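These are my notes on one model. I looked up the surroundings of a nucleic acid strand and then a single residue.

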There are 2 protein chains.
Amino acid sequence: MPLDRSIIAHLALFHGLEPQALDIILKDARSVLFAKESIVFEQEADARSFYVLLSGHIRVVRTTPDGRQIIARYISEGEIFGVAAALGRLTYPATAVAAVDCVVLVWPSSVWPDLSSRFPALSAGTFKTVGNRLQETQARVLELATEQVEQRVASAILRLINQTGRKTEAGIEIDFPISRQDIAEMTGTTLHTVSRLLSAWEEKGIIVSGRQRVTVADPHRLVLLAEHRGDR
Amino acid sequence: MPLDRSIIAHLALFHGLEPQALDIILKDARSVLFAKESIVFEQEADARSFYVLLSGHIRVVRTTPDGRQIIARYISEGEIFGVAAALGRLTYPATAVAAVDCVVLVWPSSVWPDLSSRFPALSAGTFKTVGNRLQETQARVLELATEQVEQRVASAILRLINQTGRKTEAGIEIDFPISRQDIAEMTGTTLHTVSRLLSAWEEKGIIVSGRQRVTVADPHRLVLLAEHRGDR
DNA sequence: GTCCTTCTTTGCGCAATCGCAAAGATTGCT
DNA sequence: AGCAATCTTTGCGATTGCGCAAAGAAGGAC
């Protein structure tokens, strides 16, 4: 069954493309459901496909040879990901895992040269995404190199609620299950330190949190924590 | 005076382009000399141009609002840089400074859409470079998040000698002046810690170093240091 | 409802690395 | 050659955040 263009027409990535272009693009795609915690693609595997996330949240993880890992980023609805092949890479540089049940569109990488040359808007949109990601990754290097753990954890949580926040009575909640360990792997620290920080913040009324759940009650004070360095 | 295509024909970036394509591309370029420590473009400035480095070394620096900074990367001969506009950004995300006297080709960003659509090989080469840089930056995040200072400094120096190493009687030398402070800003530590590490390595005969100069005498042992974590 | 697994909290000691300070070396300038 | 500026070395105390351990929740499965 062919996919209907309405499922992607509203996404920023496909902005500026004609309806019939969307139909052509969709001819090569198929829709796949990934259950929570299942693997979409694995680090070092051949970059055979690229993807657009229709619903859910995807965790992108990089692992070192000796088994330590970090979370490179979370993919939100509407984003393209797994574009390694379009950037001239043969393998994926990271593993993508469904953080919740996800619906994903999948294209074979082999169709990229054709699609990107036929639809420059698609190509431009993709490279804008890549540019944003490079920028963001470099900002993270700066943060890791210059900021203390408390600032980094505060920034990471703020980024998550901006990206995927959902309003509740208690405040703005991160929209998918996230453990202390996950937050530690986003910020280059340990789950122990994250736990201590969250406990302290909860005591001060800045956040409310539970098992795999974080709700920010007072974003403004969290912003202060993210900026304000202990001393200088 | 028109630039001769021979100055760029051998660069990987222009691989697969016809001689006449090179001539067309060069019509929009001009060649500029940047004296040591002069600024090529500044962070936050409008991304009006993009560049190819013909000779020399360029230091790319990102600065935080509160004035701390890191070295994002060094650009080597033949590389394209300052491509913010091609990635859909309006301003440069970092400052580029000539580490030594440099010769640079400059294009107005406005010609990019035309050039990239007329010469897909140019576009592909650029995006491959960007892909490599993204990959490299993410590797750096992983390193900052999981490794100790000694490993990070060892890795940074190994990367520099691979990228720009020059053989001398004493070993392989980094081909441009680099201070302890610079190395600290590449690895997220302080010049004091870098100085201590280099002193210790020099004592062990792994490196020879002087003012703004580092020569690796025993690359193999440095690799061990970069991999081997103190305990586990 | 009960058990089991996974996640979270918290205490405590220690190691890594920073911050500050001051002295020593090197280079370039005049 | 002499001076000034910059870069480098090194000591020492102060902290941050880690590592380890063990107990306490919170869900999920049957």
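I count a polar contact as a pair of N or O atoms within 3.5 Å; within protein, one must be able to donate a hydrogen and the other to accept it, and residues adjacent in sequence count only if both atoms are side-chain atoms. The model is predicted, so I took local features only at pLDDT of at least 70 and side-chain atom pairs only at pLDDT 80 or more, while totals for chains, interfaces and linings use all residues. Residues are numbered from 1 along each chain as its sequence is written, chains are lettered from A and ligands numbered from 1 in the order in which they are written, and side-chain values use heavy atoms, with hydrogens and water left out.

Entry on DNA strand D, bases and phosphate. I found a base oxygen of the strand 3.0 Å from a side-chain N or O atom of B:R211. For the side chain of B:H192, the distance from an N or O atom to a base oxygen is 3.1 Å. B:Q212 has a backbone N or O atom 3.0 Å from a phosphate oxygen. Helix 6 (191-203) of chain A and helix 6 (191-203) of chain B are the elements that give two or more residues to the surface near the strand (near: a heavy atom within 4 Å; helices: DSSP runs of H or I, at least four residues, numbered from the N terminus). Helix 6 of chain B gives the most, five residues.

Entry on the residues around DNA strand D. There are 19, and A:V149, A:T189, A:T193, B:R180 and B:S195 come nearest. Sugar and phosphate make up 66% of the strand's atoms within 4 Å of the protein.
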